[in-house]
Amino acid sequence: MKKHSRYAEMGLKALKRAAAKVAEDARKNNYKIPIWKNGRIVHEIPQEDTAQKDSADA
């Protein structure tokens with residue numbers, strides 16, 4: 001039995017790509033964006049993501 005539909009997985013990948021582009025744009029232009037931290041929303045310039053990317057998104 002499938003846990004998720006194909007369209008839900010495609011939608012999640014699209015949202016991840018969009019979020020990465022927004023974060024990259026904010027870093028380049030020193031924009032602050034809202035980020036959820038410790039149960040609150042904080043506005044800050046996102047740090048560069050150093051985590052290894054999922055091979056399925058590549």
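How many residues apart are K28 and E24 in helix α1? The legends below start there.

**View 1. K28 and E24 form a salt bridge in helix α1**. These two sit 4 residues apart in the helix, which spans residues 6-29, so about one helical turn separates them. (Helices are DSSP runs of H or I, at least four residues, numbered from the N terminus.) The closest N and O atoms are 3.1 Å apart; a salt bridge here takes a side-chain nitrogen of Lys or Arg within 4 Å of a carboxyl oxygen of Asp or Glu. K28 is exposed at 62% relative accessibility, while E24 comes out partly exposed at 36%. (Buried is under 20% relative accessible area, exposed over 50%, partly exposed in between, with a 1.4 Å probe and protein chains only.)

**View 2. K37 pairs up with E44**. Their side chains meet in a salt bridge, with 3.0 Å from N to O. K37 is partly exposed, at 38% relative accessible area, and E44 is partly exposed too, at 23%. The structure holds 2 salt bridges.

**View 3. R6 sits over the face of Y7**. The distance to the ring centre is 5.5 Å. To count, CZ of Arg or NZ of Lys has to be within 6 Å of the ring centre and within 35 degrees of the ring normal.

**Small print for every view.** This is a predicted model, where local features need pLDDT of at least 70 and side-chain atom pairs count only at pLDDT 80 or more, though totals for chains, interfaces and linings use all residues. Residues are numbered from 1 along each chain as its sequence is written, and side-chain values use heavy atoms, leaving out hydrogens and water.
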